[in-house]
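Thanks for making time. I have one structure today, and I will go through a few of its parts in turn.

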Amino acid sequence: MAEKKVTVSVVGCSLVDCVYAKVNFGSEAFRKYSSVKNGDGGLVPGQLVFMESLEKFTGVPAATMLKELTGNVPASGRNVGGPAVVAAVNAAQLCCNYPVQVKFYGALGEDANADFIESILKQTPLDISAYKRRSGATPSTEVLSDPNYHDGKGERTFVNVIGAANNYRPEDLGDEFYESDVLVFSATALVPPLHDKLTTMLKRGKDLGKINMVSTVFDFRNEMRDPVGRWPLGESDDSYKYIDLLAVDWDEARRLSGEEELEKIVGFFSSKGVSSICITHGAKNFYIYSDGRLFKEFPLSAMPVNELVNQDLAQYPERRGDTTGCGDNFAGGLLASLIMQLAEGKTPSELDMRTAAAWADASGGFACFCLGGTYLEKFPGDKYEKVRRYCDYYLANQ
């Protein structure tokens with residue numbers, strides 16, 4: 001049993017996901033509303049678009065488009081989603097045996113969706129006392145999921161309504177946010193007032209001696225502004241030198257770095273000062289790297305996805321959920337391993353990147369068996385037991 005208490009503050013995107021689990025990305029309706037060029041506001045498999053931009057691109061009201069895209073079938077489910085809160089819940093669940101507190105900061109609206117989110121999160125070990133209501137609608141996303149895309153591995157597309165997140169600013173965090181040992185800034189591109197001041201927040205955390213983790217999301221707002229140039233991250237590239245752990249997917253890594261080759265992408269982030277990096281690529285290999293400051297030094301390495309997950313998906317097709325939340329849970333597993341290892345008494349430079357990768361991969365894989373990203377446990381430790389099986393297999397076979 002661990003002895004050192006670790007506190008974690010997480011801020012970023014949280015919302016209601018309305019999941020449509022049987023959308024066909026090859027259908028006439030999906031093609032009709034698909035993007036023609038980068039940043040034009042159309043649908044792209046695996047990416048996010050703002051509802052307002054999609055309506056402007058198509059000239060068609062949201063309700064009409066949704067009926068066409070889904071075949072007028074009701075949503076398969078409504079879940080708590082958003083990269084920040086899903087990752088935070090996963091980390092809190094996996095750290096059930098450790099003296100760890102994970103606290104979420106963010107903005108709800110004043111509506112029934114806010115009631116729904118609170119009712120779900122109160123069934124998890126996540127501390128939501130700093131998750132406050134603001135004017136506007138609770139952020140939400142229509143999740144269009146095609147389980148047959150990528151040769152049956154599945155893919156999803158997100159249509160997002162920012163809502164009350166437009167009213168959540170850095171000053172709303174207060175001093176308490178920065179008192180935690182680990183500060184996590186996740187998917188802040190969907191909370192624009194935070195994203196635009198990310199450099200300032202990261203610097204404050206680093207000046208206080210905290211560990212800063214940043215997990216990104218597709219930055220549709222900056223993609224629309226400039227579909228060619230590099231996406232900004234905060235006020236300047238100084239953001240990177242204050243980041244200890246950066247978790248990005250392949251497209252986000254490309255657009256943030258302005259590079260197309262793996263070595264050059266990692267070289268960009270490393271040269272700007274990021275200590276440790278994890279790059280996911282859907283169902284393909286993911287990549288990890290550490291310069292030795294946070295996590296022991298680890299050369300840039302390709303890590304395969306979990307074969308046991310693939311075996312279970314093939315053997316138990318009736319247990320298949322969807323891919324919504326896989327990346328978010330992956331980031332939550334990465335965070336969970338970081339804070340578990342800290343709770344075990346390891347110093348930042350003693351942390352093991354391979355172990356963190358295993359927990360991340362196992363978390364992302366387990367999400368394939370759930371509909372939506374937030375898993376509600378039957379008992380404390382329920383998710384830990386299930387994810388640990390995949391983690392142990394990964395460590396034994398890689």
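Strands β1, residues 6-12, and β5 run parallel and are joined by six bridges. One pair to look at is Val 6, whose bridge partner in β5 is Val 100. I should say now that this is a predicted model.

Strand β5 spans residues 100-108, and eight of its nine residues are buried. β5 also pairs with strand β6, residues 127-133, again in the parallel sense, over five bridges. There, Leu 108 stands opposite Arg 133 of β6. Add helix α5, residues 112-121, and β5, α5 and β6 make a β-α-β unit, which is right-handed.

Next, helix α7, residues 198-207. Which of its residues are buried? They are Leu 198, Thr 199, Met 201, Leu 202 and Gly 205. These residues cover an arc of only 165° around the axis, so they sit on the same side of α7. The general background is that an α-helix has 3.6 residues a turn, so residues three or four places apart point the same way. The cover over the buried residues of α7 includes β9 (182-186), α6 (192-195) and β10 (211-215). After α7 comes Gly 209, with a positive phi, near 80°.

Last, a single residue, Asn 90, in helix α4, residues 83-94. Is Asn 90 buried or exposed? Asn 90 is buried, because its relative accessible area is 0%, and the cut-off for buried is under 20%. Its side chain makes a polar contact with the side chain of Ser 363, at 3.2 Å. Beyond its neighbours within four places in sequence, Asn 90 is in contact with Asn 329, Gly 332, Gly 333, Ser 363 and Lys 383.

Methods
Residues numbered from 1 in each chain as written. Predicted model: local features only at pLDDT ≥ 70, side-chain atom pairs only at ≥ 80, totals over all residues. Heavy atoms only, no water. Buried < 20%, exposed > 50% of the residue type's maximum accessible area, 1.4 Å probe, protein only. Helix = DSSP H or I, 4+ residues; strand = E, 2+ residues; numbered from the N terminus. Arc of directions from axis to C-beta. Contact = heavy atoms within 4.5 Å. Polar contact = N/O pair within 3.5 Å; in protein donor to acceptor, adjacent residues only side chain to side chain. Pairing = 2+ DSSP bridges. Right-handed = clockwise from strand over helix to strand, strands pointing away.
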